[in-house]
Structures are given as C-alpha cells and as structure tokens.
Amino acid sequence: MGKVLLMQGNSAVVEGAISAGVRFYGGYPITPSTEIAEGMAKRLPEVGGKFMQTEDELAGMGAVIGASLAGVKGMTATSGPGFSLKQEMLGLACSAEIPCVVVDVQRVGPATGQPTSPSQGDVMQTRWGTHGDHWVIVVSPTSVPECFDLTRRAVELSETYRCPVILLMDEIVGHMRERIELPESYDDLPKFPRKVPSCAPEDYLAYRDVDGTKVPPMAPFGSGYRWHVSGLVHDETGFPKGTPSATRTSQDRLRTKLTDRLDDIIMTESYRMEDAEYAVISYGGAARTAYDAVDAAREQGIKVGLFRPVTIWPFAEKEIAGLSSKVKGILVHELNCGQYFLEVERAVHGKIPVTLYAKYDNESASPEEMLEEIKKMTGGAQA
Amino acid sequence: MKQTFRFSGTGGQGLITAGIILAEAALLDGKMAIQSQSYGPEARGGSSKAEVIISDEAIHFGRVMHPETLLVMSQEAADKYSADCTPDSLIITDSLFVENVPVSAHRVDLPITRTAVSTCGKALFANIVALGAVAALTNCVSVESLTKAVLDRVPKGTEDANKKALAAGIALAKGVAKAA
C-alpha cells in the first residue's frame, strides 16, 4: 500500500524520474513545464543528484548529454520555444547514441504563442525536429499516474535503445492535479541500469554490436574505457568514416535497433473497442475528452471505442492498419490542425473514412462537442 | 455522484490554492477529485480560475462546463466566468468586490474578504473563508477532511489563523442557511 496524493502531472514526472534513477537535470524553466525544473531542483539534492539551471535551453540539453556520457541518467524539460532550441543537440544524442529523456510540455505556438494554454502542436516536431534522417521514441501520457509510469518507461527505453526519448505532454496533463498512489519508497523499483562493456578497455569498440541487439554497450567516461563521441557519421570505433558503406551501415543500425523491436516500444490502449464499429483516435490530454464522449455515445447506442496511442513515435502503423479492417470509420481528435491525423490516413490507406476533429483555440474539446463529431462520423448510426 | 466547482477571481487571491485544498479534502474523504486551472501569463493580477470536480467514480474530462457552484471574488471574474452557469447553479459572491452577476442563478452574497480581515486581520485569508462557506453550503467534503487539507497546505505558524478563517467561512454560510 502506497501513499495517496493529489498531484500535478508535472510533479508526477519528477517523481517518476527520481524513482527511475535520474540523478541529473539541466534546463531552463519555461511555462507550462516549470514545475518539473522546480521539483527536480528540490528533489535531486535529497537523493544525491545534481540540478543545474543553465543559461539557456541549449546548454541544458548539452549538460544532460554530458551527464549521460559520464554514466548518470539525465533529464531536461521544456515547452515549444525551448524544444526548438534543443533540436541541434537532440540530433547529436541520436547520432552518438546517448540516452536521455526530454520532456516537452506543449503550449500554443509557434513562437511565444500562449504559454498557459493547451495545444498538441509539437507532434511532428518531436519526430522531425532535428535535421537529417533520424529515429527517436516519443511517448505521451494522458493522466497523472501515467506521467509517473511513462517517465519511468522513457528512462527505460532510452537506456535500452541508447536514444533520446521524448515525453510529449501538454498543458492539460502537465498542470492538472488528480489522484495518484505512489509507493512509500522507490528502493524496490527497477532503476534500468545501462549495459556496459564486459571486454577489456583496450578491446572496446564503442559502436560495435556485441550481442545482436544492435545496441552497443556504453562505457561511462572516466571508467578507463576510451572512446570518441562525434556527430559525424562514424564507424564502430566512433571515429568519423564517411564512405557509402559505413554511412549505410550506421544509418541501418540506428534505424533497425528500434524498428526491429516495435512490439516492445509501441504501447497503445483500447477503451470499449471490443465490439466497436467506429473508433476515435486521440492521445495525451486530448484523449481525456474522448473517454467521456465515447461513454456518452455508447449511452445513445452508438458502438464506438477509443484507440489511444501511448507511443506516438515510432508510429503504431500495424495497429492502426489493423483497426481499419475492424471498424467502419475513424475520427482523429487532436489539439492542432491535424498532425497525427496525416499518419493515420497514410496507414489506413483509403480503406475506410478517416475524419479529423481538430481543436486549436486554446481550449480542450468538451465531451459534448466531440459527441457531435462522433455522430457526424456514424451518421447517427444506432445499434 | 458528481459535483463541479469553479473558483474565480484575480491572480494572487489564492483561488488555485483553494481549489487544490478542496480536491485534497475530497481525496481524504475517499472520493475521486480533479483540479485544473486557467490563468494568464502574468504572475499577479489578471483573471484566474480554478476548477474542481469531485466524484465517486473515475473522472476523465477535467474541465467544468456548467459549474454547479461558482465562487466569484472579483467583478471581472463575474463578467468572464459566469456565462455557462445554469439557473440551478449556486453563485457565491464576495460582497466587497462583486456588484452584479450577469446570469440568473441562486446567488449568495457573502462578506468573504471583510470577514477575513475582521477575523484574521488580513485579506490574505479570504480564500480559506471562502472554502469554509463553499463546503458548508454544498456539503461536498467533511469538515474534518477540509480542516486537515487546509492545515497540510498552509505555511507553518499560520495554522490557528487558518482554522479561524475556515470556521468563520462555515459560520457565514450557516447564517445564510438560517436566514433562508
């Protein structure tokens, strides 16, 4: 039995990070993510960790990468304007395969936008924000307890696959407070230790796949293992090598280390989908409206369910393609003009109608508004 | 059963804190609760609102669309946040700041801030006075849980003043009940 608390989503991220063994935070406070920096500043010193408020967002990201190279789990949090600034070094973390967790609590954008209002406008930026072909993992929580669980999962995924993981939140989930039950102590929770080399230091090749997972062991700096960290295309040694074959080998491994393991990485939730003839797809804070709208539609005899992607990227292609052979229509609801929607359309490939319920006016949709959209999709179909 | 609350006023009046305390009290009573808020980019001033939903069941959508109870602590908030009330809504207004409410509902006008000043010496305690009044008028949480939630949240050394503020708020509401 744990302790029951009323907690904000941002604070649950802090607790999730501390419980997973994150011991470094570098960042610059920005609404609506500030409570994460504030919470980490309070909590890290209590557990022997370090908090660094950097001069800007770029330095915060750099410091997290540095901590991770030294073998300490690092995290930073930001919102859209800061997330834009972090993109360059996020690419370095992808290329050099440095585990780290970046939280983006979305607000209305572009630019300064509306700091205290909800939006999901950064969905495509989390996938394609940094330049070049690259692969990242993005997960998005819908509730405060899930903020805790998914922060832990983000740490685990980043350590398992040696890549940045973005925890994509929004102002709704970041700022709302609800019930959460936390363990009295985090001692018994897994801390996701990093795979380190078992060979002698002189035999260590930092980017050699030694066990078939395509994820090389990572030696912390200062442990006697020498290796070279570079954003240039590199071979197994870590030193730059730009031949066509070295480039292809490197790119293939960076991609397939994730795409080979989609069953582990992709998480989804289905709500009242068992006998559903129609599906709503929604994620993050926007999905909270969908639960109530689905319940209201069911009360009127409309067989609709909610399919909620928890992992946003890599895209749940197989799952959504599968959905398109089960239901007669899909309604995608997101707090932007249609970003995830584009991917759903692509996966469904014209098999069934896919409609977009876009909301981009600073406020979440109400269940009543969404019910109307569901009725439009189903043509008022009743059981 | 589900009850919905909206506390509105000016940034700095402690209404978001009041919302948090109410939700915490509901959890102490073993119920589900969710608290959300809306405010501008300003640190102080500007309109602010906190919303709380208390229910026996899981709560998904966290915003309050038609508040059953609306607390209004400024005229601007009355103008801005009362439009979606229903004729059955209970609107509690602070008589020091609110002259008129532009919707027809059950209005209870209470000297909330004046009571905070006369009881505790500071307008700062108005949010706790208001909480006492809200709890007494709606029976949404037990007095025991509310008292514990207040004391868990407030700075050390202010416990007695806050207890007084809460009792004064409850008494204000009981006075209204008697008059009615």
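Trainee: How many residues does each chain bring to the contact between chain B and chain A?

Mentor: Chain B brings 18 residues and chain A brings 21 residues, where contact means heavy atoms within 4.5 Å. A word on the ground rules: this is a predicted model, in which local features need pLDDT of at least 70, side-chain atom pairs count only at pLDDT 80 or more, and totals for chains, interfaces and linings use all residues. Side-chain values use heavy atoms, with hydrogens and water left out; residues are numbered from 1 along each chain as its sequence is written, while chains are lettered from A and ligands numbered from 1 in the order in which they are written.

Trainee: What area do chain B and chain A bury between them?

Mentor: About 1700 Å², with 56% of it on carbon and sulfur atoms. Buried area is the accessible area (1.4 Å probe) that two parts lose on being put together, summed over both.

Trainee: What makes Arg63(B) and Glu363(A) a salt bridge?

Mentor: The term asks for a side-chain nitrogen of Lys or Arg within 4 Å of a carboxyl oxygen of Asp or Glu. The closest N and O atoms of Arg63(B) and Glu363(A) are 3.4 Å apart, so the pair meets that limit. The count between the two chains is one salt bridge.

Trainee: How many residue pairs are in polar contact between chain B and chain A?

Mentor: Seven, with both residues at pLDDT 80 or more. A polar contact is a pair of N or O atoms within 3.5 Å; within protein, one must be able to donate a hydrogen and the other to accept it, and residues adjacent in sequence count only if both atoms are side-chain atoms.

Trainee: Which elements of chain B each supply at least two residues of the side that touches chain A?

Mentor: They are helix H1 (15–28) and strand E2 (32–39) of chain B. E2(B) gives the largest share, six residues. Helices (H or I, at least four residues) and strands (E, at least two) are DSSP runs, numbered from the N terminus.

Trainee: How do the residues on that side of chain B divide?

Mentor: There are 12 nonpolar, four polar and two charged residues on the side of chain B that touches chain A. Ala, Val, Leu, Ile, Met, Phe, Trp, Tyr, Cys and Pro count as nonpolar, Asp, Glu, Lys and Arg as charged, and the others, Gly among them, as polar.

Trainee: Why are strand E8 of chain A and E2(B) said to pair?

Mentor: Pairing needs DSSP to find at least two bridges between two strands. E8 (residues 177–182) of chain A and E2(B) have two bridges, in the antiparallel sense, so they qualify. Glu178(A) has Ile34(B) as its bridge partner, and Arg177(A) has Gln35(B). Within chain B, E2(B) also pairs in the antiparallel sense with strand E3 (residues 47–55), over eight bridges; there, Ala33(B) stands opposite Ile54(B).

Trainee: Why is chain A called as compact as a globular protein of its length?

Mentor: Chain A has 14 helices and 14 strands. Its radius of gyration is 21 Å, close to the 21 Å that the globule rule gives for 383 residues, so chain A is as compact as a globular protein of that length. The radius is taken over C-alpha atoms, and the rule is 2.2 Å times the number of residues to the power 0.38.

Trainee: And what makes chain B pass the comparison?

Mentor: Chain B holds six helices and six strands. Its radius of gyration, 15 Å, is close to the 16 Å that the globule rule gives for 180 residues, so chain B too is as compact as a globular protein of that length.

Trainee: How do you know that the salt bridge of Arg298(A) and Asp275(A) links distant parts of the chain?

Mentor: Their closest N and O atoms are 2.9 Å apart. Yet the two are 23 residues apart, with Arg298(A) in helix H11 (residues 287–299) and Asp275(A) in the loop between strand E9 (268–271) and strand E10 (278–281) of chain A.

Trainee: Why is the peptide bond from Thr31(A) to Pro32(A) worth a look, and what is its omega?

Mentor: The bond is cis, with omega near 0°. Pro32(A) is found in the loop between strand E2 (24–27) and helix H2 (34–46) of chain A.
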